[in-house]
Amino acid sequence: KKRKMSALYMISNLNDKDRKKAMLKSSKAELCEVNQDEPDRTENNRPATESKKRKYDEIDSENIKGNSNVVKQNLSDTDLQKLRVLIRQRFAAKKNLPKLNLKEPGTRASIDQPKEKRIPLFLSDIQHFVLYSLHGHMSTGNIPRWANIEKLHRLKNVLFLVIEGMSLIDYSKYEELCPTLKEFPHKLEVITPLAYGGCLIREIATLPLSESQRHKLEKKFGSLGEASTNNRVFKVLRTMFPMDFLKKNNFEPRRNAFSRTELLLSPWQMLEEAYPLPIEGELKAKYADYVYTKDSYKEVTPNSPMWALDCEMCITQLGSELTRISIINEQLDVVFESFVKPYNPIINYVTKFSGITPQTLQNVETRLEDIQTALREIMPPDVILIGHSLNMDLHSLKMLHPYCIDTSVIFNLSGERARKTKLKVLSAEFLGERIQNKPGGHDSVEDATACMKLVLAKLEHSLEWGDAVICGRQGVEQILANVQQKRFQRINSSPKSKNISRNEEVTIPQNGALLSQPQIIKTRNELPRYICGNKMTQVQIFTTSLFSHLITREKKCLLVARSLVVSECFKYMPEQLHPFEPQSRLQISKQETNKAIVKYGRNNAPENGATLMYTTVERKPELTALKVDRLVKKLTKNLSGNVLVAVLLAGRTTGVDEVDSKNHGLLLIRLHQETVPPIELDVDVCKNTNNTQAVC
């Protein structure tokens, strides 16, 4: 009882102190309010004409139709209150109008930026933007990384005009001939398939699979290969590197659970992960002194060789520079290894991490150029490079490579793509091996071997194995439990084994409740869609029809194009869409001239839907610019309602597999807002009296 009473006494003293502090704070706040009120009192003492002026600030020519000065002089107090209500309603209507804002990637792709600082968008960015403008956050595609639309539900429809035959270079040269195009507020550079010899129609009509769709198709058809034979999935090759498009050889039977090409980073993901990419503009100027790993590359296949690469760096007067490189093949044999002597003096060997000492480089004469030459000679043209944060290794080598697998991307324990998991942790958790524990520092051969083992282990399981971004943290924990269970069984079956790591001592959970594979996959749906959307696809990717995504959630879509274009697009439309039936949500119209295409698409645009118009213009630059400007003027003339207009100048028409890296396109975006008319007032002004009437 004494202890309780003493505790109560202490609490009461604390409460008294808190009350005193609160009183002091309140008194200080009152003093501040008094000081702040002083200017307001002086304002109240100002002449009545000034306060009356502020009273009528909202009544201006923008909100009131007619002579606002007459209205200010003749409105009574009652009519003034009614007018203010109407003005507030008008402000609310204007606030509910949709607005388009560019994010940082969109700003950097704008042609207002200097060419050397520009980073263009990809065609997939436009596809996801169109889907997002229709479906919002319920879109089956990724949320656009470069733009955002406020009040998205207020959009009436989306008009998307594709013009093949005019490029960014043509617009820049003949900009004065295109007054309508100049009025568009947003003009963004885009890399289209015509820049690298791809098929524009095919790549517009197809969209990469999401992870949930991938698993649905695998569950229904058994594999994506089987699904592709059912006209549900299509393979598209996308790349920006010099390629030899050779005939495909007959692939050997698949040796793993899925193809290694499904782990490759896409160009957009390489851009996000700061890989060196030869894109026209800022990045090409930034990596001007970088060299390709090969002069020409072959198409990557499920049988392409995989090499794991790891580099060690030291700090020089210039920054971080290469001092050691090791390459491992799939048989875990060392393919290439060498120490490198930097040109600049080393100021910090970072021995704890690099394992490099002054004695290590004492007799080394090999330079960076020697390493680049050696790698260009020994690397196969379709080799897949593997590494942990491989972008840092490529930067240290000053080399460019198109086919990359990054273990820091395909493995993740945090559930957030931006938070990388260390290679040491991945090796301990999934391989049961301790690395990077040597007192002399890291070993590039050991790190490269760990990366290769991780990728080989993932290929034996599934795409979501070890990736919390796809299957969720719960799924990864279950995967680790299964790995530890197998390791535990293996240890029990080999009593002579003494080399047991700390991770191998983990026992099976007491409740024994192990998730099944469908439950692991199900946890993917518990993640936010924007996280799942960040899971990137590979260079050779599986795709579905864009039109199937456009008409989901009871939306409608209209395709207007020439007969040849319609026939090509029809190859990528599932049969169940029934595009030529009247009750179908996907309607198709064949028009043989550009004017007819634009006119029909504009006049028959579905309410709360999307209209895709595909046109082609001639190669004569001056005539092309004039024709394009007239087409866009016809499209945007007298629009009503909130309409999103997107015009894609896709580039000059090229031959099949013809590569022109400067043939970039231009995306023009304009959000036409519904006009909110000013308030009309019928005011009878009596010149000789102050009596007025105002009828709203």
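A salt bridge is taken here as a side-chain nitrogen of Lys or Arg within 4 Å of a carboxyl oxygen of Asp or Glu. The structure is a predicted model, in which local features need pLDDT of at least 70 and side-chain atom pairs count only at pLDDT 80 or more, whereas totals for chains, interfaces and linings use all residues. Residues are numbered from 1 along each chain as its sequence is written, and side-chain values use heavy atoms, with hydrogens and water left out.

Over the whole structure, the search returns 14 salt bridges. One of them joins Lys182 to Glu176, with an N to O distance of 3.7 Å. On the scale of relative accessible area (buried under 20%, exposed over 50%, partly exposed in between; 1.4 Å probe, protein chains only), Lys182 is partly exposed at 37%, while Glu176 is exposed at 64%.

Another salt bridge, between Asp125 and Arg145, has an N to O distance of 2.9 Å. This pair links distant parts of the chain, 20 residues apart, with Asp125 in helix α6 and Arg145 in the loop between α6 and β4 (147-150); helices (H or I, at least four residues) and strands (E, at least two) are DSSP runs, numbered from the N terminus. Asp125 counts as buried because its relative accessibility is 6%, and Arg145 is likewise buried, with a relative accessible area of 13%. Asp125 and Arg145 are linked with Glu272 in a network of salt bridges.

In the salt bridge between Asp289 and Lys398, the closest N and O atoms are 3.4 Å apart. Here too the pair links distant parts of the chain, since Asp289 is in the loop between α13 (282-286) and β10 (291-292) and Lys398 is in the loop between α16 (390-397) and β17 (399-400), 109 residues apart. Asp289 is partly exposed at 45% relative accessibility, and Lys398 is partly exposed at 30%.

Lys398 also enters the description of Glu321, a residue of strand β13 (residues 320-328). Glu321 is buried yet has no salt bridge, and the nearest side chain of opposite charge (Lys and Arg counting as positive, Asp and Glu as negative, with His and the chain ends not counted) is that of Lys398, 6.7 Å away. The side chain of Glu321 instead makes a polar contact of 2.7 Å with the side chain of Asn344, where a polar contact is a pair of N or O atoms within 3.5 Å; within protein, one atom must be able to donate a hydrogen and the other to accept it, and residues adjacent in sequence count only if both atoms are side-chain atoms.

A further polar contact, of 3.2 Å, joins the side chains of Asn437 and Lys424. These two residues are 13 apart in sequence and 9.1 Å apart in space, C-alpha to C-alpha. Asn437 lies in the loop between α18 (423-431) and α19 (444-459) and is partly exposed at 42%.

Internal space was examined on a 1 Å grid over the protein atoms alone, a cavity being a set of points where a 1.4 Å probe fits but cannot get out, with lining residues having an atom within 4 Å of a point. Five cavities of 30 Å³ or more were counted, and the largest has a volume of about 110 Å³, where grid points are joined across faces, edges and corners and a volume is the space filled by probe spheres set on the points. Residues lining the largest cavity include Leu123, Phe160, Ile204 and Cys557. The elements giving two or more residues to this lining are α6 (123-135), α23 (546-550) and β22 (609-616), and α6 gives the most, with four. The lining comprises 10 nonpolar, two polar and no charged residues, with Ala, Val, Leu, Ile, Met, Phe, Trp, Tyr, Cys and Pro counted as nonpolar, Asp, Glu, Lys and Arg as charged, and the others, Gly among them, as polar.

Definitions and conventions: 1 Å grid on protein atoms, 1.4 Å probe; cavity = no way out; pocket = protein on both sides within 12 Å on 5 of 7 lines; lining within 4 Å.
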